[in-house]
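Biologist: I'd like to practise reading sheets, helices and domains off a model. Can you walk me through one?

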Amino acid sequence: MPHKKPIILSLLILMIIWNGASSEAVPLESLIPLKDVPKGWALIEGPRTYTKKTLFEHIDGQAELFLKYGFQRSVFAIYQNRENAQNQIELDIYDMGNVLQAFGIFSRFRSEDRPMGIGLDSFLDDGSALFYKGRYFVMLYGTEPNPSLLKEWATKVSSRISDHSPPPKEIGYFPKKGLKPGSIQYFPEELLGHQFLKRGFQGVYIDKVGDKVEIQAKGENKDKVKAESKEFHLFVAIFKDSKEAVNALKIYKDHLFKKGKIDSRSPHPFGPNAFQGEDPYQGEVIVLQKGFHLLGIAGFEKERGAENRLIEFIKSIE
Amino acid sequence: MFSEKIERRKFIKTISSTLLGIAAPNILKVRPSLGKSEKTPNLEYRTLGRTGMKVTTVSMGVMNCSDPTVLHRAYDLGINFYDTADCYMWGRNEEMVGKVFQGKREKVFIQTKVHPNIEKKMRASVERSLRRLRTDYIDVLVWHGHSLTEEVSDRGLFEFMEKMKKEGKVRFAGFSSHSNMASLLREAAKSNVHDVALVSYNFTHSKGLREAVGLAAKSGIGIVAMKTQAGGYKKEKIGGLSPHQAALKYVLTDQNISMAVPGVTTVEQIEECAAVMGTFFTKGDLQSLKQYHSFLQRRICTMCGGCTGECPYGVPHRDLLRLVMYHDGYEKDSLLKESLQIITTPDVQRCSECPSCSIICRRGLDIRAQMQLAQELIVRPPALYKHGSGPAAGRQFDV
């Protein structure tokens, strides 16, 4: 196809522009400590970089989750203790594109609130450490339990990251009272397991039901008291505009009408764009639209307390 | 009436000649689809090879699911087999499965995975899985992501699984694979050490894989199909077409498949998939798959590797095919941009100056048309136009 030669010229120019733009990013490999490692340790494998196309080779099907969260590139390395070859530390640094996505993937991996004070938020247990800072999500895994060493390593990696973006502002929407520490999660789609809710945040709260039972059950089995404590969720789904949010509210209401229950109070105390009902799996829910947000509370038992928490939540959302 | 013999023969003939050379499904009865997904599915069970486990033909791939609601819904729908892995979300996926099925353990089958390593690490991995799953046994433990025949017949791995079985931690063992699957299944059929194989299987796959699946199933291996939907296309991208049920039914027409584990993440998806049980592959499904297939044909290279090395000029044509897939299929122009970075000017020059294209796709992908689309994407990069107005716009249904 000789007539296509002018195309090639255009192509060359575009490639130069494109490559130029991409070279502005910090080389991910530079975040891997090469010589500046804890005493007695040495890099034995890597740094190996992975792209969107090759991430599957590194973490199999799990790559799909990272791609959903905007994965850009990652770098991986293994360090070994000089005295014990079996004692190794694996380091993964993922560039997730922005701080929101980095928080999102971090929130999906953290299993409970065990912060170590590194990055914007972190998690540390005997054999693993996680943190996110700016657009980066970092995972450290040790073959031998050694949290202090993992923390030392995480500190070294964190000091190399110069992205000082603040955490996603939506984390601040969630009222602190009753919030289960480390429970806020970000989902890039399918919030609460529903296609129509799209992207958003959710946080877990501990209901006060347990306290009430404790008073009634003084002197009785404490375990029973503990088991009575109830969790519920606050959630906020984020849409492109208010029209989309109103539409999602309608779909949610229709969904509960078919599969759960809808409170017949009209208008609802929270206004015309709100409803209360019973979700077959989430329990009692109150859902309302505010601007391009759909927010709500799910799984609560005490209506008054839930409403108060929701009012606080509504106020905090711009 | 479509149920009349002549019509049925015609239908069989049509489907045989239409779907990628894959043999016609052997269950071709016409029965109305359940349609509305909120209806309770008619549960359908098959035996998972030599394990003897009676599993629902539509089960659940839990991998990317993170809301327990979806699992609760799946359970209520009657689905009894759940596939997870030790590494999914660093164990959180297993934790969720364990929490949801606590108290219901004997009513479900759980499959999880382990990576080959030294015994100490593999043992630790199994122990962690058991803790997270809140159980003292794993129904099926599979090696994660085999790709070499040597792995399938590795005696060391087999011995580890035997130990796990003797210790009561694992009931049955197998392997999963995303690549080189036909060879692996043939090897597994010979080696006779695996109870289960979890393989990627859908209507775009080759006759060779189908035959290997048959061979493995006959040897007693329970075949679990994943990636059954052949991609993650959204309804709105294919003219409102919803090929997912048809794609799932197609997989299940192969009686050598014990069950499918579509990866679902929402209540709506699991309901849609579960509704497939007890239904048959219909004329409408055929039409749906034909449209989906023609959509895929023009856009999707499934990276089967069948055309590797076919370009006489050594152009990395698969990289160019990816450009079209990323733009039109995934709607991920960021991926497209990244792919462009690895395509060199001489590669594109060689391709654009070639008077004809000798690459032949075994699945009917029009390689030359794809190459032209790729070149257009390179010359007019996506930033210059919105989705739906690019070079491939409006061409999806011109079968």
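Modeller: Happy to, and keep in mind that this is a predicted model. Let's begin in chain B with strand β7 (residues 170-177): seven of its eight residues are buried, so β7(B) is largely enclosed by the rest of the structure.

Biologist: Which strands pair with β7(B), and do they run parallel or antiparallel to it?

Modeller: The general idea is that strands of a sheet pair through backbone hydrogen bonds, either parallel or antiparallel. Here β7(B) runs parallel to strand β6 (residues 138-143) of chain B, with five bridges joining the two. Strand β8 (residues 196-200) of chain B is also parallel to β7(B), through four bridges. For landmarks, look for B:Val142 opposite B:Gly174, and for B:Ser177 with its bridge partner B:Val199 in β8(B).

Biologist: What does the chain pass through on its way from β7(B) to β8(B)?

Modeller: Helix α7 (residues 181-191) of chain B makes the link, and the resulting β-α-β crossover is right-handed.

Biologist: Now chain A. How many helices and strands should I expect there?

Modeller: Chain A has nine helices and 13 strands. Of its 318 residues, 37% are buried. The record of domain assignment splits the chain into domain 1 (26-160) and domain 2 (169-316).

Biologist: How do I read the strand order of the six-stranded sheet, and which strands are at its edges?

Modeller: Go across the sheet from neighbour to neighbour rather than along the sequence. That gives β1-β2-β3-β6-β5-β4 of chain A, an open sheet with antiparallel pairing. Its edges are β1 (41-50) and β4 (121-124) of chain A; each has a single partner strand, so one side of each is left without a neighbour in the sheet. On average, neighbouring strands in this sheet are turned by 10° against each other, ignoring direction.

Biologist: What holds the β4(A) edge to its partner, and what packs on this sheet?

Modeller: Four bridges join β4(A) to the antiparallel strand β5 (residues 128-133) of chain A; one pair to find is A:Phe123 with A:Leu130. The helix packing on the sheet is α4 (residues 99-109) of chain A, which touches β3 (88-95), β4, β5 and β6 (136-142) of chain A. The direction of α4(A) makes about 160° with that of β5(A).

Biologist: Is α4(A) mostly buried or exposed?

Modeller: Ten of the eleven residues in α4(A) are buried, so the helix is largely enclosed by the rest of the structure. Among them are A:Leu100, A:Phe103, A:Ile105 and A:Phe106, along with A:Arg108.

Biologist: And what does the seven-stranded sheet look like?

Modeller: Same approach. The order is β7-β8-β9-β13-β12-β11-β10 of chain A, again an open sheet with antiparallel pairing. Its edge strands, β7 (185-187) and β10 (261-262) of chain A, each pair on one side only. Between strand β8 (residues 200-206) and strand β9 (residues 231-238) of chain A there are seven bridges, with A:Phe201 partnering A:Val236. Helix α9 (residues 303-316) of chain A lies across β8, β9, β12 (283-290) and β13 (293-300) of chain A, at about 155° to β13(A).

Biologist: How far apart are the C-alpha centres of the two domains of chain A, and which residues make the contact?

Modeller: The centres lie 33 Å apart. Domain 1 of chain A brings ten residues to the contact and domain 2 of chain A brings seven. On the domain 1 side, α4(A) provides the largest share, with five residues. By class, that side has three nonpolar, two polar and five charged residues.

How values were computed
Residues numbered from 1 in each chain as written. Chains lettered and ligands numbered in written order. Predicted model: local features only at pLDDT ≥ 70, side-chain atom pairs only at ≥ 80, totals over all residues. Buried ≥ 20, exposed ≤ 12 C-beta atoms within 10 Å, placed from the backbone. Pairing = 2+ DSSP bridges. Axes fitted to C-alpha atoms, helices over the stretch in contact; angles between N-to-C directions. Nonpolar A, V, L, I, M, F, W, Y, C, P; charged D, E, K, R; others polar. Right-handed = clockwise from strand over helix to strand, strands pointing away.
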